[in-house]
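Open the model in your viewer and set it to cartoon, with side chains ready to be switched on. The stops below each give a selection and then what is there.

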Amino acid sequence: MKALVFAAGLGTRLRPLTDSCPKALVDVAGTPALGRVLRKLDECGVTDVVVNVHHFADMVERYLSDSKPDGMNINISDERACLLDTGGGLLAARRWLDSTDNEPILIHNSDIMTDFPIREMEHAHKASGADATLLTSARESSRGLLYDAGGQMRGWINNRTGEVRPGGVDPLQLTCRSFGGVHIVSPSLFDPLAEYASRHGRVFSITPFYIDYCRKLDIRQYEPEGEYRWFDIGRPDTLRKAQEWLKCEK
């Protein structure tokens, strides 16, 4: 399994920390967030990784040069000129991630700290033959993804306004889940991504893509069976919670 780590974000919610440091290198209990994600990938045997860069890109590149795990091959997807968002960022990294043998691709936000077993998610993805498998949970969110009883994505809902997409979806017949910033995709996703970009431009989030294509592609949810920890460190309060958890784990 190859991997793409999103490390290009501006981290505006963490200012003033991110006024002089990229969000990916924010300290989390003694280790930069990106370093923790790369360590997790290394522990589960991932050796080929792409990291995208934009905000303080030089700092991220220096960190990777000095601190990447031994034996890990890292390619830089340079977004200095234009931040491409998650969908555009994945498409821009295609040349390193695409494969003819359908090797799965793990996508992991650098601001997500979690300890769920990635290999179990990979096994579920391969067994289902899905185009994409998304880490989901029942945590509360203003917006959620809608899944049927078989775990296939059928749409999206704004829980505040009641707006549903695509049109005609009945949320009362589906289960609402929050996306956890970790997903595994198959190379089969790249052509639809390119088609979407041809109509919407090269800068786009992957979530609207999933919503628009959930009737054409096999997009599934994955929820770990056992207990696990999950933190989005993009806000000061959640960063503190992640730091407290990781300090206790030492």
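**Stop 1: a loop aspartate**

Select D148 and show what surrounds it: beyond its neighbours within four places in sequence, D148 is in contact with R154 and L174. This is a predicted model. D148 sits in the loop that links β9 (143-147) to β10 (153-158). Is D148 buried or exposed? With a relative accessible area of 18%, D148 is buried, because the cut-off for that class is under 20%. Now add the backbone of G150: its nitrogen is reached by the side chain of D148 at 2.9 Å.

**Stop 2: helix α5**

Select residues 118-128, which form helix α5, and colour I118, M121, E122 and H125, the buried residues there. Why do these residues fall on the same side of α5? They span an arc of only 100° around the axis, so they share one side of the helix. The general rule is that an α-helix has 3.6 residues a turn, so residues three or four places apart point the same way.

Turn to the other side of α5 and select H123 and A127, which are exposed. Then go back to the buried residues and display their cover, which includes α1 (33-43), β6 (105-109), β8 (132-137), β12 (175-185) and β13 (219-222). Before leaving, step just past the end of α5 to G129, where phi is positive, at about 70°.

**Stop 3: a histidine in β12**

Next select H183, which belongs to strand β12. Its relative accessibility is 2%, so H183 counts as buried. Which residue does the side chain of H183 join through a polar contact? The partner is the side chain of Y210, at 2.8 Å. Expand the selection to contacts, leaving out neighbours within four places in sequence: I105, L106, I107, M121, T133, L134, I206 and Y210 appear. One of these, M121, was among the buried residues of α5 at the previous stop.

**Stop 4: α3 against α6**

Finally, select residues 85-92 (helix α3) and 190-200 (helix α6). The axes of α3 and α6 come within 10 Å and cross at roughly 125°. That angle makes α3 oblique to α6. The crossing of the two helices is left-handed.

Show side chains at the meeting point, with glycine as C-alpha. From α3, the residues involved are G87, L90 and L91; from α6, they are F190, L193, A194 and A197.

Terms used:
Residues numbered from 1 in each chain as written. Predicted model: local features only at pLDDT ≥ 70, side-chain atom pairs only at ≥ 80, totals over all residues. Heavy atoms only, no water. Buried < 20%, exposed > 50% of the residue type's maximum accessible area, 1.4 Å probe, protein only. Helix = DSSP H or I, 4+ residues; strand = E, 2+ residues; numbered from the N terminus. Arc of directions from axis to C-beta. Contact = heavy atoms within 4.5 Å. Polar contact = N/O pair within 3.5 Å; in protein donor to acceptor, adjacent residues only side chain to side chain. Axes fitted to C-alpha atoms, helices over the stretch in contact; angles between N-to-C directions. Parallel < 35°, antiparallel > 145°, perpendicular 65-115°, else oblique. Left-handed = near helix turned anticlockwise from the far one by under 90°.
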